[in-house]
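Colleague: I have a new model open on my screen and would love a guided tour. Could you take me through it, one question at a time?

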Amino acid sequence: MRFLILLVLFFLSLQFNGFSGDLKTAISRYNRVLKTYSSTEMVKKGFEVKSKGEELCFPSQLLNKKSFFSTFAVKVSENDLVVGYSDSNEVLNIANDTVVNGDVYVINNGKLNIDGCDFTVKGNIFVLNDGRLNIRNSTLRFLSDYVYSKTLAVFNNGRVDFEGVEVYSGGFVIAAGFLDSSSFIVRGCTFADGVTIGLYDSAFADVQGISGVEWVIEDSSSLYLKDSQSGYNLVWTVYGEGSNADLTFPDGNYVSSYTISGLLPYVSGVDFTLNISNCSGLLWGIMVSKGASVIIRDSTLRGVAISCDSDKEWSLSGIVNNSHFEHYTLPSNKFHLEFYNVSTGAFNIYQDGAKKVNIANSVFGEFGAMEGEEFSIVNSIIDGTGGYLFSKSSINGIMVDSLLNSHVVTSDNSVMVFFNSSIERGDIIADGESIILLSNTLYQSLPVCYKSSLIVEGRLDRLNECFSNSVVPVCGTSFQYNGETNFVPYRGYQLFFKPENGDNWMPVSDLKEGMVRDGILAFWNTNGVESGNYNLMMKVYVGDSSLDIPLNVSVLEGSSLMFSIPHIDSGDYWETYLVLDNSDEFNQTAVLHTVCEDGIKTRDIMLSPFERKTVLLNGNCGFVKCDRMVFPSEFFVSKSEGGVAQFNLLNSTSDTLNFLYPVYLSEKITWKGLAVQNATSFKNRVLFYGYSKNGDEIGRGEVELKPDERRAFLLKNLFPEVQFEEIARVKMVAEKPVNGIAISGEGNKSLLYTNAVSDSRTSIVLVPHIANEFNTWRNLLVFDNASDEDLIGYLTLYSNSQKVVDRYEVKVKANSQRVVGINQLFSELSPDCGFVEVSNSLFVRQVFVSNDGGFAEFLLNGKSGKIAVFNLPTGDFLNLNWHGIAISNISDTIANVTLNLYSNNGLQVQKSLEINPHSRVAFTLKELFGDMDFSLQNRVVAYSNTPITGIVIGGNGLDKLLFLPCVFKP
């Protein structure tokens with residue numbers, strides 16, 4: 001009989017239709033915790049969790065009936081099975097496999113008989129008002145969602161009879177409660193997934209042959225347990241106000257006869273009756289509350305439960321599971337609990353009326369908040385040996401710097417806050433209108449919300465390295481989980497920072513509306529941030545409230561090895577690659593972050609000794625963080641015409657950049673463009689100024705970049721009123737730091753991509769190689785003045801160790817460009833190398849042009865070192881037919897240099913040579929190392945006794961060139 005009806009019942013949890021949980025109150029308490037606890041990582045303080053093997057144990061939520069059952073009104077749905085309503089004497093017999101999609105109600109004098117079948121209940125079972133449930137030779141299945149999500153409730157003289165029954169509940173423990181004068185008669189039953197059965201009031205259980213049960217006995221209830229010799233039975237006896245007991249529990253492996261009742265001479269104030277005969281697999285537990293006096297002798301207790309059932313405040317500390325006591329009195333002024341030669345398993349603690357419970361520095365098995373106002377668990381471990389962590393009613397709880405090894409379940413209107421803690425195993429469940437706040441807390445299983453509950457999570461992962469003048473990925477989680485009837489909106493998150501002793505929070509990012517789980521929350525650009533200790537904070541905005549997530553960080557002086565990837569083109573016509581060269585004999589790592597349309601993707605890359613990896617890039621732009629011996633470059637390939645471009649990545653960003661263009665080849669270049677990367681997590685307004693080679697401003701443009709966005713433009717689109725051939729330099733001024741590259745080409749066959757540069761602070765730039773052999777090359781130096789005043793550079797050149805040009809003056813007008821033809825000015829001097837003294841904002845590029853039309857260009861710098869790394873171009877795409885290196889000795893002494901040639905298989909060939917002071921040598925690899933397949937070689941590493949510098953040279957004939965500066969091992 002299935003129909004709609006209104007019943008008044010006793011049941012495990014309330015039913016809700018809307019959200020009324022007090023999120024503001026929850027966050028207000030959380031904010032009080034932030035002021036109280038300043039630690040930023042979990043501290044265990046020496047506590048050790050000791051395993052006791054495979055010993056079974058299940059939670060004990062039913063240790064007090066007042067918290068277990070509440071009165072509520074429920075509307076029975078058409079999916080429910082109701083027996084005994086319209087006809088109070090109704091009898092329903094079921095002998096075929098049956099699935100009930102809702103709850104089962106057996107009421108009044110109704111009888112439900114289930115015999116010889118598989119009976120599945122998706123909801124709960126209630127038997128009351130003289131109703132009777134009989135199950136024989138059958139399988140009973142509950143479809144549980146989480147621990148204690150399903151129940152069997154029997155009261156008002158209801159009766160349940162099991163004979164030959166197997167009960168399954170989807171791997172989760174279920175709850176059963178017998179109240180009033182209800183009864184439970186069993187003749188053979190197994191609870192395969194566990195059950196906690198509470199006997200209250202005058203409930204009666206006559207049980208023969210049962211296993212998988214945790215019993216709770218209190219009030220005037222009675223349990224007669226006999227002939228149960230398989231599985232386990234964990235028996236809890238409860239001692240309250242005025243009770244006195246001096247007990248010895250028998251060895252649970254086998255008990256022929258054992259009784260506890262108020263009729264015994266050493267027991268008083270106890271109304272329940274426990275009678276056990278001919279049983280094996282028994283485990284013992286006791287529960288004490290205020291006013292009890294209990295002494296236990298010569299026993300092994302599976303569990304000890306403490307019920308904080310009254311008074312304003314309870315404080316417990318120093319409780320440790322799995323202990324043996326020769327003589328011990330638990331420190332509490334609420335009750336008396338004394339042990340003589342007793343071993344204990346789990347200590348369980350329950351808030352059952354006390355307004356506030358504080359637990360610190362303890363290792364215990366379970367905590368349940370059932371009735372009260374607040375609780376706190378600090379620097380403790382709930383190891384799960386006694387059950388799990390749960391809260392009900394309207395209790396607010398906090399877990400700080402603690403570890404949990406079990407399930408978490410909140411229900412009703414309760415609130416639970418986790419701060420700097422870890423939930424290492426077990427589910428995280430919110431039900432009813434409850435709220436869970438997870439702040440800097442780790443867990444294994446994804447949280448789940450039911451009904452109108454809410455879970456809000458914020459986590460900031462620790463920054464292992466954080467340098468000034470860098471881009472730092474801040475990783476973590478900002479996420480919200482809503483029950484099916486909870487409509488509190490997630491509004492996003494924002495990051496802030498301030499000096500440790502400062503007062504004002506400064507933003508790291510704009511408000512971000514999307515959720516992030518275990519990903520990059522924002523890129524923190526630390527340009528201008530001084531070294532020191534800082535507070536980092538994320539605000540997670542939920543509804544009209546916000547949750548503050550703190551983290552302490554140390555900013556180190558210098559720059560991290562986080563390199564910008566300013567532009568990725570992965571369309572129909574282009575492929576973009578990241579080339580990673582490991583120049584070390586040990587394994588190295590890199591972490592790649594790419595900004596894509598659907599978020600930021602992260603990839604860990606491992607590099608074997610001396611290995612080169614080429615990674616196809618997708619997305620718009622990104623960053624790559626490398627170990628110190630890994631050198632990254634970016635590589636572009638035109639699918640249509642075979643053009644290639646490669647340049648070394650930089651680890652700097654700036655709010656002012658200069659894009660330098662090859663005007664000397666304007667008759668061949670058919671297009672010019674630029675790509676700019678917003679290197680922050682803010683909106684960024686960017687202004688562009690176009691200059692001619694004579695220093696005239698000839699165009700202006702403006703764009704707004706979204707956080708972490710990359711935009712690419714052709715100059716004719718950025719400056720539509722200007723011919724692109726006229727533009728020699730573009731100056732870009734942004735509100736926030738950016739990065740970028742200048743891009744140009746002769747169609748897509750001959751390409752030239754170069755890094756955009758910020759203000760130069762170098763006093764000397766080195767000219768490592770001048771190609772003067774056979775008069776087949778033009779050697780050019782291009783001076784770009786990015787300042788508003790005239791500047792002068794001084795050029796010094798050497799030939800075969802002799803200084804042949806001494807401080808040749810190169811005047812460059814404000815904002816203009818000057819090209820110096822070394823062949824034209826100094827053709828008879830045959831210079832090999834040299835240097836230029838420069839002022840700030842004066843950039844120097846070197847250009848090589850072959851008689852066959854090939855050209856190469858790169859920005860000069862003042863770097864040198866004793867270990868120079870020449871990473872060869874990525875030949876897989878180039879079909880290069882020659883490779884070489886040029887090395888310059890910039891010192892005043894002879895350089896003794898050892899050259900090692902490496903492939904992915906390690907060292908291939910070694911060569912030694914001498915380089916005179918202020919001299920340059922240039923070789924093809926064939927000249928240096930003999931005949932071999934150089935397409936398989938990755939790099940040449942030069943070890944010198946004195947600083948050197950140089951470039952990689954290579955090409956396909958002399959019409960397609962690819963020259964790159966060397967890099968230096970730290």
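**Strands, rings and cores**

Modeller: Happily! Let's start with strand S50, which runs antiparallel to strand S55 (residues 630-638) and is joined to it by nine bridges. Keep in mind that this is a predicted model.

Colleague: Which residue stands opposite Glu575 in S55?

Modeller: S50 covers residues 574-582, and its antiparallel partner S55 covers residues 630-638. Across that pairing, the residue facing Glu575 is Val637.

Colleague: S50 also pairs with S53, so to speak; over how many bridges?

Modeller: Strand S53 spans residues 612-616, and its pairing with S50 is antiparallel. Leu578 stands opposite Val615 there. The number of bridges between S50 and S53 is five.

Colleague: How many of the nine residues of S50 are buried?

Modeller: Buried here means under 20% relative accessible area. Trp574, in S50, is buried. The strand is mostly covered, and its buried residues number eight.

Colleague: Let's turn to the rings. How many aromatic pairs are there?

Modeller: Ring centres have to lie within 6.5 Å to count as a pair. By this rule, the number of aromatic pairs is 32.

Colleague: Is the pair of Trp574 and Tyr753 stacked, tilted or edge-to-face?

Modeller: The centres of Trp574 and Tyr753 are 6.5 Å apart, with 40° between the planes. Planes under 30 degrees apart would be stacked and those over 60 edge-to-face, so this pair is in the remaining class. The pair of Trp574 and Tyr753 is tilted.

Colleague: How many residues apart are Trp574 and Tyr753 along the chain?

Modeller: Trp574 belongs to S50, whereas Tyr753 is in strand S63 (residues 750-755). Both residues are buried. The pair links distant parts of the chain, and the separation is 179 residues.

Colleague: Which residue pairs with Phe367 at 4.7 Å centre to centre?

Modeller: Phe367 is one of the residues with the most contacts inside the largest nonpolar core, along with Phe162 and Trp215. Its contacts beyond four places in sequence include Ile349, Tyr388 and Phe390. The ring partner is tilted at 45° and, like Phe367, buried. That partner is Phe375.

Colleague: Which strand gives the most to the largest nonpolar core?

Modeller: This core has 104 residues. Another core, of 41 residues, lies apart from it and includes Leu23 and Leu463. For the core of 104 residues, the strand giving the most, with seven residues, is S14.

Colleague: Which ring does the charged end of Arg517 sit over?

Modeller: There are charges over rings to look at here: the charged end of Arg807 sits over Tyr794, 4.1 Å from the ring centre. For Arg517, the distance to the ring centre is 4.0 Å, and the ring is that of Phe479.

Colleague: In the open sheet S28-S31-S34-S37-S40, which strands stand at the edges?

Modeller: The five strands pair in parallel, in that order. Each edge strand has a single partner, so one of its sides is left without a neighbour in the sheet. The edge strands are S28 (363-364) and S40 (442-443).

Colleague: Last one: is Leu660 buried or exposed?

Modeller: Leu660 lies in strand S57 (residues 654-660). Its contacts beyond four places in sequence include Ala728, Thr754 and Phe843. Thr754 is 94 residues away along the chain, yet the C-alpha atoms are separated by 7.8 Å. With a relative accessible area of 5%, Leu660 is buried.

Conventions
Residues numbered from 1 in each chain as written. Predicted model: local features only at pLDDT ≥ 70, side-chain atom pairs only at ≥ 80, totals over all residues. Heavy atoms only, no water. Phe/Tyr/Trp six-rings, centres within 6.5 Å; stacked < 30°, edge-to-face > 60°. Buried < 20%, exposed > 50% of the residue type's maximum accessible area, 1.4 Å probe, protein only. Helix = DSSP H or I, 4+ residues; strand = E, 2+ residues; numbered from the N terminus. Lys NZ or Arg CZ within 6 Å of the ring centre and 35° of its normal. Pairing = 2+ DSSP bridges. Core = buried A, V, L, I, M, F, W, Y, C linked by side-chain atoms within 4.5 Å. Contact = heavy atoms within 4.5 Å.
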